[in-house]
Every structure is written in C-alpha cells, then in structure tokens.
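Reader: I would like a close look at a single part: the nonpolar interior. Please explain each term when you use it, then go on to the places outside that part.

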Amino acid sequence: MLSAEQWQYTPARHSAMTLDVHLLTGWFPTIVELITAALVITAIGWRTRRWRTVWVPAAIGVGALTSVGLYLYLDHRGLAPDSAPVLFWVFAAIAATMIVVIAAGVRHARWWQHAAAAVALPLALVSVALVANQWSGYYPTLTRAWDGITAGPLPNQTTVAKLAAFRDKPTETGRIVPFDAPDSLSRFHHRTEYVYLPPAWFAGPTPPRLPAVVMIGGVINTPEDWVRSGNALEIVDAYARDHGGRAPILVLVDPSGGLSNDTECVDGPRGKVDTHIVDEVRPYVISHFAAASAARNWAVVGWSMGGTCAIDLAVRHPDDFGTFVDISGDIGPNVGDEQNTVKTLYGGDRVAWDRFDPATVMRAHGRYADLAGWFQSEGKRSGGTVGSSQITAAKQLSSLADSLGVTTTEVYRAGPHTWSFGATALADALPWLHERIDTDARQ
C-alpha cells in the first residue's frame, strides 16, 4: 500500500491548481437551480381556474412520464439510474413540464410569464446537465466543460512534428500528442487518440524505452476524459516531479467510437475494440513513441466501464499486458442482464459471452505466470462496512484471480461513483503501478 511519503492526489490539492468555477460543488450549480425554480413558478402562475385544474396537472403529468421514460431508457442502457440524484429526475420533469406550459399558455399568459417560461426551459435543461455532471463527476470546472464541449486542445498538447523541439531540455511537465492508429484489422472507426509523454521521454538525444499504460474511461466517454475529468495529467506530472521526471507513457484510447456507444471493449457488432487496442494501438505506440514492448512494461487502467475493460484485456492478453487497475468495474462486460447483453453486445452469439467474460477466461486459462491487478471500488457505508455491486464484483474477481496466481491488491472506500473517485484511485495506484511496470523498462 502507499507510504506516507508518496504523493497522493486530493481534491484540496486540485482546487489549489485552479481558480475556475466549480461545477460539482459550490455556489454555481445551486444558484442556477434556484433561479430555474423561481422562473418556473413565475411562468406557471395562478392564471385561470381551468389553467389550474386542467393544464397545470396535465403539464406535471407529462413531466412525470418523461422522467419515468428517461429512467427506463437509462436502465435499458445499463447506466444505473437508481444511483441518480433526485434533482436529476425533478429537473427532467420540469423541462418537459415547461414545454407544455409554453404551448398551452400561448394565448392567455402575460408578457412576463412568456419571458419567464422562455428562460426557464433552457435553464431547466442546463440544470439537468449540471445535476447529471454532479452525478458522474464528468467535468469538475467550467473551463473543463467548455474545452470538452468545444473540443478544445488538451493541456500541453503538441504535435509529433514539434516533439523534437522539446528534446534534451529540462521540463517539469509532459506533453500530450494526438495520434491516428490504423484500423485495417479492426475496421473500428475510432476518434482521435492521444499519448502523454512524461518529462523523462524528452531527456537525452533519443527517447528511453518507457513503460506504457492504456487508459480507458466510462460508458459515456471521449478519449480525453482521463485528462479533462480524471485529472490524469496533474496526477502523473506531480508523480514525475517527485521521481526525476520518470513516469509511464499514458495511452488515451477510444473505446467506443462515439459518445455513448457502449462496447465494453469487446469485439462485437458495436466495434472490434479488443482488436483495436491490442493489435493496432499497442504496436503503434511501441513503434512511433519508443515505448517498451514487453508485457511486463504494459498495463491497462480503467474507471467504471473502463475498469471492466482493464481486467478483461489483461486476463485475455497476458502476453501483452502484465498489470491492470480495475477502478469500479463490473463483474464482466454487460449492457444490462445476460440476455440483453448477449443480444445487443454480441449480436446473439452466446459463445462470445464466454470469450470476453473475465471469470470464464481466467478459469479457462489456468494459472498466470506474471500478472498483477489492483482493484479499487467505492460504495455506501452501512454498519461499519462499505458495499456496492462494484465492490462485490471486485472481491469475486480478485479472489478468483488470486487463486490462479495473479498478485492482487484490494482497496474499498465509501464514496460516489464519479470521476473524482477515479482520479483518487489513479493517484492511489500509481506508485505501485509504476514500480511494477518500470523495472525492466530501465534496462
């Protein structure tokens, strides 16, 4: 486990890094939500008896049905709607209610009620987005959100052509470089992917053979998420400063090809992501960025869906990845129950379920020679223990892996299933991870 001397990421340390408007806590979300509520009340008003007894109940009914429909949709997509904050459903209902209020009150509303309704509707949608963001921890600050929405460049982003200009010059920060790996094998239409090159990569006339870590985010994702939402750049740069500039190359892959195409990193109708990561991205990073090639020097780190991907990739491909960090992953790739998963994720192919189910894969493989995994999950505290479906999954997978020779570490803490937990888990695991994968890469 971590020693007291090792650098650790904390929310307080991150808050000191920026004076930006915070979206997960603080005054901004609260003010927007209170203004929205006030405008909704103003827009609805008292009006006529028919308005109060017919149209207002009808509008509220439409809002309630919208929230129910949204719940069923999210549940069908396997996005755990039970964990959503109450305000998410409230503001979703308010947004739908305001549409009816605007349509039904066109003739009888006063000008100031029209104005209030016109502003209340978009603010209700903004409030839904703010609460959803708090639910997932996706964007911690307004600047991060703006950069993500507008597809702005990542911090310290540069191009391959400019890398030579940074060589053999002291630096405390790494560089992020976009790349376009081939897709001739997978035919997977991925978005732009990225590598983070630590300060040590630029020391000397040629890059050293550094270890590499594939980074994978959640279901709703972009390849940039580990930087914008998971604070990976700050965490790894800080670690490098304390270790002579040495840190792993981070490989920010695209696991979905779109914002919400849940592939679970398997090969299936939604994309051959397993093939893309193993047979296209990994060789590309070795050949183009001088990463070490041995399995011992490669790891996979993932949060939420990415945690499921991390263990699955490692146990399926121990000759390519020697280490994994499963942060709040599931028991296996899924988009709901087993029946729905086989139908939608594998196109009805039941054999594919076994090919990508990590427990089944481990049992079929037998004892592993040199594989290690870090499991870290969050849950609710009850009666002195912390529990969740992710913790249950981690304990089951860790027990099985340990029985088959995999060196395992387990960390369970109380907390929400958000990107901030993913960032904390990355910082917790990083010293252990780098010590393991960097040993042979130095030679």
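Author: A nonpolar core is a set of buried Ala, Val, Leu, Ile, Met, Phe, Trp, Tyr and Cys residues joined through side-chain atoms within 4.5 Å. Buried means under 20% relative accessible area, exposed over 50%, and partly exposed in between, with a 1.4 Å probe and protein chains only. The model is predicted, so local features need pLDDT of at least 70 and side-chain atom pairs count only at pLDDT 80 or more, while totals for chains, interfaces and linings use all residues. Residues are numbered from 1 along each chain as its sequence is written, and side-chain values use heavy atoms, with hydrogens and water left out.

The largest nonpolar core has 50 residues, and Ile216 and Val251 touch the most other members. Helix H9 (residues 273–289) gives this core its largest share, 8 residues. Helices (H or I, at least four residues) and strands (E, at least two) are DSSP runs, numbered from the N terminus. A second core, separate from that one, has 40 residues, including Leu130, Ala145, Val236 and Leu426. In soluble globular proteins, nonpolar side chains tend to be buried together.

Helix H13 shows how burial can be arranged along one element. In H13 (residues 358–365), the buried residues are Pro358, Ala359, Val361 and Met362. These lie on the same side of H13, because the arc they cover around the axis is only 160°; the arc is that of the directions from the helix axis to the C-beta atoms. An α-helix has 3.6 residues a turn, so residues three or four places apart point the same way. Arg363 and Ala364, on the other side of H13, are exposed. The buried residues of H13 pack against three helices: H10 (305–316), H12 (350–356) and H14 (389–403). After H13 comes Gly366, with a positive phi near 85°.

Two loop residues are also buried. Thr263 sits in the loop between strand E4 (249–252) and strand E5 (267–268), and its relative accessible area is 1%, so it counts as buried. Contact means heavy atoms within 4.5 Å. With neighbours within four places in sequence left aside, Thr263 is in contact with Pro255, Ser256, Arg270, Val273 and Leu345. Asn334 belongs to the loop between strand E8 (323–327) and helix H11 (338–344). Its relative accessible area is 19%, so Asn334 is buried. With neighbours within four places again left aside, Asn334 is in contact with Asp262, Glu264, Thr341 and Leu345. Leu345 is thus on the contact lists of both Thr263 and Asn334.

Now to the outside. Trp27, Ile31 and Ile35 make a nonpolar surface patch of about 320 Å². Patches are made of residues with over 30% relative accessible area and no salt bridge, with like charges joined within 9 Å and nonpolar side chains (Val, Leu, Ile, Met, Phe, Trp, Tyr) within 5 Å. A salt bridge is a side-chain nitrogen of Lys or Arg within 4 Å of a carboxyl oxygen of Asp or Glu. Ile35 is in helix H2 (residues 27–44), and its 42% relative accessibility makes it partly exposed.

Two exposed residues lie in loops. Asp168, between helix H6 (142–149) and strand E1 (175–179), is exposed at 53% relative accessible area. Its phi is positive, near 60°, although Asp168 is not glycine. Arg187, in the loop between E1 and strand E2 (193–197), is exposed at 61% and has a positive phi of about 55°.

Key: Areas by Shrake-Rupley, 256 points an atom, 1.4 Å probe, with all protein chains shown as cover.
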